[in-house]
Amino acid sequence: MGTRNNFIKGLPKAELHLHIEGSLEPEQMMMFAERNSIELPYKSADEIRAAYEFSNLQEFLDIYYLGMSVLLKRQDFYDLTFAYLQRAHADNCCHVEIFFDPQGHTGRGVEFADVVEGISVALADAEKEFDMSSRLIMCFLRHLSEEDAFTTLEQAEPFLDKIHGVGLDSSEVGHPPSKFRKVFAQSRAKGLKIVAHAGEEGPPEYVWEALDLLKIDRLDHGNRSMEDEELVKRLAAERMTLTVCPLSNLKLCLVDDLKEHPLRKMLQAGLKATVNSDDPSYFGGYINDNYIQTAEALDLTQGELAELARNSFTGAFVDRIRRAELLRSLDKYVSGQDGEDFARWPR
Ligand code: HPA
Ligand code: ZN
């Protein structure tokens, strides 16, 4: 429906769950491979795209780690990040929080500094050019050891002015949050914000662990929390933000159809759900595609869409002043005071 799609396109919003390596488009992958003389098992961007059929998280991760192997130099990380930020800006994202996977790069001999500096300079340029604020969150790969995560935290030490938080991603089942309790405690002691992927494929118990052992400030995915009534109550009572990624959930077969996506049920249960793209190049859409396709499938109302955008600002790791600014822009937009006037679509 045109009116709803236009409302979504202009809606000021924040993206809180985006793996920068997952924004690597097939065309970019070919370009970086050529630039860095890296041999790929694909001959064309179309061939790469054709390989993006996943039946679970691991099938995706195998291709995701292969894809990121074309990133070698500081300039590669800059180019990748700036391209994503331009797309996010076109989707009316005013604030982004970007994950990166340092171990996916340092494990191949790339310098930690090149990764962080390349990404950070792009973030600074987007702030100047688009007035877009941002945060950078370093993820530990959970299929690796806690000792490895500690080494990564040490490598990050000189760059902690550029890194706002730590997260936990990669293969979830068999690698519960409890495996990383100590490294998250140390991260917290350094003043870093804490997030973790939990309840994507893993059971509700992993979400409990993320809350009680890692002491998360925000929950990534969290879909399977819906299986546990007590857990839903706890998340609602704590006003915990969930970074939900509908197209990711569809591509990784967590849901068979977006019509079955739990997003509305989450809002109705009082959860602070947000909409995000996760790995947009691999999952078939950037943030507005996620909003538009989910709104279509669930017939989301203008009120629900505004609530999702509001949750993205209240859940962002920004200071009071920036949060007030972001919320004011949303209020102005929704009330039509910024000159936009939306007919309500039929319900
Ligand atoms: N889940 C876990 N790890 C990831 C993901 C995800 O959706 N994307 C990139 N790494
Ligand atoms: Zn993710």
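**Zinc site, helix packing and selected residues**

In this predicted model, the zinc ion (ligand 2) is held by the protein donors His 17 (NE2), His 19 (NE2), His 197 (NE2) and Asp 278 (OD), which lie 2.0 to 2.2 Å from the ion; donors are N, O and S atoms within 2.8 Å of the metal (3.2 Å for Na, K and Ca), and water is not among the atoms, so sites may look incomplete. Along the chain, the donors of the zinc ion (ligand 2) follow the spacing H-x1-H-x177-H-x80-D. His 17 belongs to strand β1 (residues 13–19), whereas Asp 278 is placed in the loop between β8 (272–275) and α14 (280–283), so the pair ties together parts that are 261 residues apart in sequence. Helices (H or I, at least four residues) and strands (E, at least two) are DSSP runs, numbered from the N terminus. The site of the zinc ion (ligand 2) is irregular, with angles of 80 to 172 degrees among its 4 donor atoms; four donors count as tetrahedral if all angles lie between 85 and 135 degrees, four count as square planar and six as octahedral if opposite donors are over 155 degrees apart and all others between 65 and 115, and anything else is irregular. His 17 is buried, at a relative accessible area of 0%, and Asp 278 is likewise buried, at 2%, where buried means under 20% relative accessible area, exposed over 50% and partly exposed in between (1.4 Å probe, protein chains only).

Residues are numbered from 1 along each chain as its sequence is written, while chains are lettered from A and ligands numbered from 1 in the order in which they are written. Local features need pLDDT of at least 70 and side-chain atom pairs count only at pLDDT 80 or more, whereas totals for chains, interfaces and linings use all residues, and side-chain values use heavy atoms, with hydrogens and water left out.

Helix α10 (residues 204–214) and helix α11 (residues 229–237) have axes that come within 10 Å and cross at roughly 30 degrees, the axes being lines fitted to C-alpha atoms, for helices over the stretch in contact, with angles that run from 0 to 180 degrees between N-to-C directions. The crossing of α10 past α11 is left-handed, a term used if the near helix is turned anticlockwise from the far one by less than a right angle, and right-handed if clockwise. On the α10 side, Pro 204, Val 207, Trp 208, Leu 211 and Asp 212 meet Glu 230, Leu 231, Arg 234 and Leu 235 of α11, contact meaning heavy atoms within 4.5 Å. Within α11, Arg 234 is partly exposed at 22% relative accessibility and, leaving aside neighbours within four places in sequence, is in contact with Trp 208, Leu 211 and Asp 212.

Two residues other than glycine have a positive phi: that of Lys 215 is near 60 degrees, and that of His 221 is near 70 degrees. Lys 215 lies in the loop between α10 and β6 (218–221) and is partly exposed, with a relative accessible area of 43%, whereas His 221 is located in strand β6 and is buried, at 0%.

Ser 134, in strand β3 (residues 133–141), is buried at 16% relative accessibility, and touches His 95, Val 96 and Leu 123, not counting residues up to four places away in sequence.
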